[in-house]
Amino acid sequence: GAFRTILEQHVVQGRVIVPGAGYLEMAHVAGTAEASSTAARLSGVFFLAPLALSEEADGAVVSIEFTASVEFEISSTSMNGSSVTEVHCSGAYGHASQEMPHIFTFEGMNSKCTEQVDTELGYHAFDFGGLNLGPAFRPLEHVWKSPAGAASLSLLRPRVARQGTQV
């Protein structure tokens with residue numbers, strides 16, 4: 001369906017891979033519901049194993065599990081009769097009640113990031129490293145960095161249509 005069409009543009013070394021942002025979105029939405037909050041804060045997130053999609057696979061059940069100690073795991077189990085479960089992502093979640101430090105606000109970043117970076121050069125570097133991103137995964141229009149190279153600010157292209165996947 002539509003979800004697979006979007007994912008088919010996220011190719012790593014020749015395999016269609018669920019992007020890390022997909023795991024973060026799943027954890028954020030589920031963590032918000034679990035914490036009964038308007039927003040969840042994720043921390044200590046680890047990407048442990050890729051979830052590769054193939055034409056031959058019968059599919060997979062992807063689940064997110066929370067523990068009493070505010071930790072989460074996102075895992076999948078193949079639908080081909082195997083009972084093997086693989087953990088793809090884990091971390092912690094909590095209430096997003098604290099304000100972000102000034103450095104992470106737009107104004108704080110904008111004041112530090114003054115050098116423009118060639119976005120196409122960055123995408124070519126991704127291609128060279130085996131991360132082949134289709135047009136749907138190339139949203140950067142402009143990127144600026146700080147002279148120290150420790151921070152960056154990006155301008156994303158506007159979406160042509162309302163897109164997304166509800167989890």
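## A quick tour: Gln13, helix H2 and His88

With a relative accessibility of 65%, above the 50% cut-off, Gln13 counts as exposed. Keep in mind that this is a predicted model. Besides Gln13, the points below look at helix H2 (residues 20-34) and at His88 in strand S7.

**Gln13 and its loop**

- Gln13 sits in the loop that links strand S1 (10-12) with strand S2 (15-17).
- Although Gln13 is not a glycine, its phi is positive, at about 45 degrees.
- For background, most residues other than glycine have a negative phi.

**Helix H2**

- Helix H2 has 15 residues, which at 1.5 Å a residue should span 21 Å, and the C-alpha atoms at its ends are indeed 21 Å apart.
- The buried residues in H2 are Tyr23, Met26, Ala27, Ala30, Gly31 and Thr32.
- Which strands help cover the buried residues of H2? Among them are S3 (40-47), S5 (60-66), S6 (71-78) and S7 (85-95).
- Just after H2, Ser36 has a positive phi of about 50 degrees.

**His88 in strand S7**

- Is His88 buried or exposed? His88 has a relative accessible area of 0%, so it counts as buried.
- A polar atom of the His88 side chain lies 3.0 Å from the backbone oxygen of Ala49.
- Leaving aside neighbours within four places in sequence, His88 is in contact with Tyr23, Phe46, Phe47, Leu48, Ala49, Pro50, Leu51, Ile74, Ser75 and Ser76.
- One of these contacts, Tyr23, is also one of the buried residues of H2.

Terms used
Residues are numbered from 1 along each chain as its sequence is written. This is a predicted model: local features need pLDDT of at least 70, side-chain atom pairs count only at pLDDT 80 or more; totals for chains, interfaces and linings use all residues. Side-chain values use heavy atoms; hydrogens and water are left out. Helices (H or I, at least four residues) and strands (E, at least two) are DSSP runs, numbered from the N terminus. Buried means under 20% relative accessible area, exposed over 50%, partly exposed in between (1.4 Å probe, protein chains only). The expected span of a helix is 1.5 Å times one less than its number of residues. Contact means heavy atoms within 4.5 Å. A polar contact is a pair of N or O atoms within 3.5 Å; within protein, one must be able to donate a hydrogen and the other to accept it, and residues adjacent in sequence count only if both atoms are side-chain atoms.
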